Amino acid sequence: MGKLFGTDGVRGHANTELTPEIAFNLGRAGTYVLTKENHHAPRILIGMDTRISCDMLESALAAGMCSLGATVYCAGIIPTPGIAYLVRKYNFDAGVVISASHNPFEDNGIKFFNSEGYKLPDQLENEIEDIIFNSLDKLPRPSGALVGAKILREEALDDYIDFLESTLKGEKLTGLTVVMDCANGATYEAAPVVFDRLGASISILHNEPDGVNINLNCGSTHMESLIEYVKENKVDLGMAFDGDGDRCLLCDAEGNFIDGDEVLSILGNYMKEEGTLSNDTIVGTVMSNLGLFIMGEKLGINIEKTAVGDRYVLEKMIEHGYSLGGEQSGHIVILEHNTTGDGIVTALQIAAIMKKTGKSLKELNTFMKKLPQITVNARVGNDKKSGYKDNLKINDAINGLSEKYKSNGRVLIRPSGTEPVIRVMIEGENIEELTKDAHHLAELIQSELN
């Protein structure tokens, strides 16, 4: 696979790129790096989404951890943020999630959390990689009674659902009608249960996972069926989760799509009024719509930006004591509640604001005006994604478009950290012109680098 870690853990085609052997090695090296300062046997929690390959990878990962003396607790199918929360609740040494988020079922991934429920910084991931490539045979191999064991943690999902309910602090959602698209993924049990407990009238789409239908024409990357349902059934709020449940996108009662930037604007302004928006700041990314920054200037909210990836958003939040951040894709981090993006928490908080204010989501979503923004993917092999920087034809095209849009927009080229694509994003005023230019540039990148 070359370099193992991307922007969100290790990902690849299950059993050909991300193999059981790699999972075993990640289990050994990850356990060592995250628990080497311990004075007790490691205790690690594993969760996963609904992909058919998760059982295979869980077995290999757990075996690697047990070979280093860890006791491995298996939470089963549970959203990624559930592991981030439960690692802290159970006072475990680390947590691991087996998921490829919004990717198709053929892919899978492995991402680590430390004992405080945070994703690992680059230096720890680099240390794990270095051990795997250079010194794996030097790691200890305890024997006898010191070999680790695997234990099923049956109450994990229930404990996470209790936590989700607690984030509304006794408030109820009685009277709200909601529909949720669970992407046939990790939220398929937790999301319906918590909204039902809180009194909302719920409808559910795509919550019958079979191992191969995760994200298949559903979830946060394919919201067509959700939007159609909302339009036809007079629902107050539509929500779509991704495969592992760490992000959520919404639509209002008229079926209007609400992205992560708009969610941040609604949450940020409400939190500012409530006095809970630390330093009156929202943390976004380089992909955040310019409309979010314009809104911030008008309404006295500082908008910081980071590289793409919710862990980079979180790092800046922690460094400066900010309370809210996120991405256009729907990763929303509310540090009062969790240490990573949590799609169900996001949906609950928006629903609670609707309930408390008596306003519809459309009425709440008036703070920012999105500039037209087009993102087109150029499919490029993982080993060629940085090649655009040295290609004269590509750079001439990028510079020409940057000059064209400098007064009322921007051009951003970003190799994906999780997929074999380079993302071409152009922002401006004329949607037809943006679309034409973005597709032309993506086609050029694709033809030049393949």
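Biologist: In this predicted model, how much space lies in the second largest pocket?

Modeller: About 920 Å³. The general idea goes like this: rolling a probe the size of a water molecule over the atoms shows where empty space is left.

Biologist: OK, and which residues lie nearest the centre of that second largest pocket?

Modeller: Look for Asn382, Lys385, Ser416, Gly417 and Thr418. They belong to a lining of 36 residues.

Biologist: Which elements give two or more residues to that lining?

Modeller: Two helices and three strands do: helix 4 (122-134) and helix 10 (310-320), plus strand 1 (5-6), strand 2 (9-13) and strand 18 (410-415). Strand 2 has the largest share, at four residues.

Biologist: And how does the lining of the second largest pocket split by class?

Modeller: You get 13 charged, twelve polar and eleven nonpolar residues.

Biologist: Now the largest pocket. How much space lies there?

Modeller: About 1200 Å³. Its lining takes in 44 residues, and the ones nearest the centre are Thr221, Arg247, Gln328, Ser329 and Arg423.

Biologist: Which elements should I click on for that one, meaning those that give two or more residues to the lining?

Modeller: Strand 17 (373-379) and strand 19 (421-427). Strand 17 gives the most to the lining of the largest pocket, namely four residues.

Biologist: How many of the lining residues in the largest pocket are nonpolar, polar or charged?

Modeller: Polar residues number 20, while the nonpolar and charged classes have twelve each.

How values were computed
Residues are numbered from 1 along each chain as its sequence is written. This is a predicted model: local features need pLDDT of at least 70, side-chain atom pairs count only at pLDDT 80 or more; totals for chains, interfaces and linings use all residues. Side-chain values use heavy atoms; hydrogens and water are left out. On a 1 Å grid over the protein atoms alone, a cavity is a set of points where a 1.4 Å probe fits but cannot get out, and a pocket is an open set with protein on both sides within 12 Å along at least five of seven lines; lining residues have an atom within 4 Å of a point. Grid points are joined across faces, edges and corners, and a volume is the space filled by probe spheres set on the points. Ala, Val, Leu, Ile, Met, Phe, Trp, Tyr, Cys and Pro count as nonpolar, Asp, Glu, Lys and Arg as charged, and the others, Gly among them, as polar.
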